[in-house]
Amino acid sequence: MGKKSLIKSTTKKKTKSAKKDEVKKTAKKAKVIAKAAVKAETTAKTKAAAKTRSKKTVATAKKKVSLKDLILKKFKAWKPAEIFRAAVDEEYLKNFASPPIVSDLSDKEARRIKKLLLKKRDMATIRAEIKKEAAKKAAAKKAVAEKAAAEKAAAEKAAAEKAAAEKAAAEKVAAEKAAAEKATAEKVAAEKIKAYLKTLPLKKFKAWKPAEIFRAAVDEEYLKNFASPSIVSGLSDKEARRIKKLLLKKRDMATIRAEIKEEAVEREAAEKAAAEKAAAEREAAEKAAVEREAAEKATMKKVIIGLASGFIILVALIFSASSSNNSKYYIKEKAGVLEIWQGRYAPLGEEWMMSLPGVPLPEQINAVYSETEVFPLIFNYYIDKADAISGMSDTPDYVVIKSYLNEALLFATTGDFRKKAYSRLNDIKFNDLMYKAGVAESRGAVSDLDEAIRYLNTASLLKVGAGKSDVVKQKIESIKEQKAEMIEAQVAEEATGTASVKFDVVKQKTESTKEQSAEIKTPMIEGSTDSVSVEPDVVEQKIVSAEKQSAEMIEAQVAEEAAVSAPAE
């Protein structure tokens, strides 16, 4: 574009103002005049120099100049007599203005063309631009190729789907046609078989006879030398004869019975003799054993009494020493950790019992400690660990806490310590039962409300603070009211129902009676747990048992009422 504009600017006629045209024309005329003057002066000087040179040449032509002299000859550099200076056109200089690089364009376009023409470029920039342009072309080419490939793939896929659809349709038609042909063929074959079976019983067949009866060839040589094989083989002749006689012996049932009786009599006689002999030997052996045992007892009694007395004394001493050593405890410190060691159940020695990291040494250091001095340290260690886990997050791990509390109970030496551990366990069980009651209440059914009341009754039996007990009682009353409202609504809806619906109402009343029986049982259990902490599982079992008994009584009563009211209805 810049090139075209430049050509236009040099080929078009001038469109500037008349003043600029005049200045240019004047400057041009001045240049032409100056050049003509310089040329005339130069021509005159050249002619004069040529004349002088010709004269000198004529004068010196007579002298012969050698090549060496000619090479070494020095010539003076020519200088003009007066240095040419172009005449200055003051008028032109005053009105001089450089022509624009491009013309007939807007200022913005002209600046752009000028910047483009004056731009300095090196080969690295040119190569980079060429690479960039090539990359663009390659990307465009690749995009076109990918588009074409995608279109081609789509077309192939459409063609394949179309071919598959046509093939499936053709196969379906062929399958239907084959099925129809097969059904037709089966029908025709069935008709043929049916017709054939009708005529088959009446059809007569000829008896088959071979063209020639087969007869085996007779081997005369074999018949001449034939001898029957022996009855038994691999035995001596005497044994073979005995076996043969036994095999060929003719016997009847009378003979067999007589032989069996004889064998039985002989066997009984032999057994009787053996029994008598064994009894005599046993009596003799027993008699000898009694006599020997009496003698040995008399001797061993004295020995045993002496050994037993010594052993009992030794065992008593060992047991006493072992019990004494086992009741001893030792406190050591290893790498900043408190360790508890216990005496072995032996007269001497001790063994590691446990480590209590974070527990300081007791103020008074003794060589030996008793159980009442050591167990409180272990108890407080497990209680502190359980309390630390309880305060770690909003949802503590109750399984780990209960394990620590149960471990602490093993080392509770006083009632206060046990009360302290049971209080924490009751709090955990209380929270668990309250959560289960809340979940059961949220489900909203009558059975779910009964379940929630059962959880709350169990929670009310735990030894917890007075505030928590009041919350449980209020919750129980609230759920009972909610349940009564639900039952009243159901009774009102089903008042006009059939006998089966009335039975459902009676069943709901039965559940209400179960609650009343549970409420009656609860104060009785509460009265028995004023001074000790009740195990929740035992309480639950008692409540379930009471509910079961009351339910059985009420169901029997309801059945009797239903049987009485059925004829009237």
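**A walk through the salt bridges and helices**

At 40% relative accessibility, Arg112 counts as partly exposed, because that value falls between the 20% cut-off for buried and the 50% cut-off for exposed. Keep in mind as we go that this is a predicted model. Arg112 has a partner, Glu109, and the two form a salt bridge whose closest N and O atoms are 2.7 Å apart. Both residues sit in helix 5 (residues 107–117), 3 residues apart, which is about one turn of the helix. Glu109 has a relative accessible area of 19%, so Glu109 is buried, as buried means under 20%.

Why do such pairs form at all? Side chains of opposite charge can pair when their charged atoms come close.

Let's look at another pair within one helix. Asp432 and Lys436 both belong to helix 12 (residues 415–443), and they are 4 residues apart, again about one turn of the helix. The closest N and O atoms of their salt bridge are 3.5 Å apart. Asp432 is partly exposed at 30% relative accessible area, and Lys436 is partly exposed too, at 33%.

Now for a pair that reaches between strands. Glu350 forms a salt bridge with Lys332, with 2.8 Å between the closest N and O atoms. This pair links distant parts of the chain: Glu350 is in strand 3 and Lys332 in strand 1 (residues 329–334), 18 residues apart. Glu350 is partly exposed, with a relative accessible area of 24%, and Lys332 is partly exposed at 32%.

How many salt bridges does the structure hold? The count is 8. Some residues join up in a network of salt bridges: Arg443, Asp448 and Glu451.

That network brings us to helix 13 (residues 446–460). Its 15 residues should span 21 Å at 1.5 Å a residue, and the end C-alpha atoms are indeed 21 Å apart, so the two values agree. Is helix 13 largely enclosed or largely open? Since 12 of its 15 residues are buried, helix 13 is largely enclosed by the rest of the structure. Among the buried ones are Asp448, Leu449, Ile453 and Tyr455.

After strand 3 (350–356), in the loop leading to helix 10 (371–390), you'll find Pro357. Pro357 is partly exposed at 46%. Pro357 and Leu338 are 19 residues apart in sequence, with their C-alpha atoms 6.1 Å apart in space.

Finally, head to the surface, where Glu477, Glu481, Glu485 and Glu488 gather in a patch of negative charge. Glu477 lies in helix 14 (residues 466–493) and is partly exposed, with a relative accessible area of 45%.

Conventions
Residues numbered from 1 in each chain as written. Predicted model: local features only at pLDDT ≥ 70, side-chain atom pairs only at ≥ 80, totals over all residues. Heavy atoms only, no water. Patch = residues over 30% accessible without salt bridge, like charges linked within 9 Å, V, L, I, M, F, W, Y side chains within 5 Å. Areas by Shrake-Rupley, 256 points an atom, 1.4 Å probe, with all protein chains shown as cover. Salt bridge = Lys/Arg side-chain N within 4 Å of Asp/Glu carboxyl O. Lys, Arg positive; Asp, Glu negative; His and termini not counted. Charge placed at Lys NZ, Arg CZ, Asp CG, Glu CD. Helix = DSSP H or I, 4+ residues; strand = E, 2+ residues; numbered from the N terminus. Buried < 20%, exposed > 50% of the residue type's maximum accessible area, 1.4 Å probe, protein only. Expected span 1.5 Å × (residues − 1).
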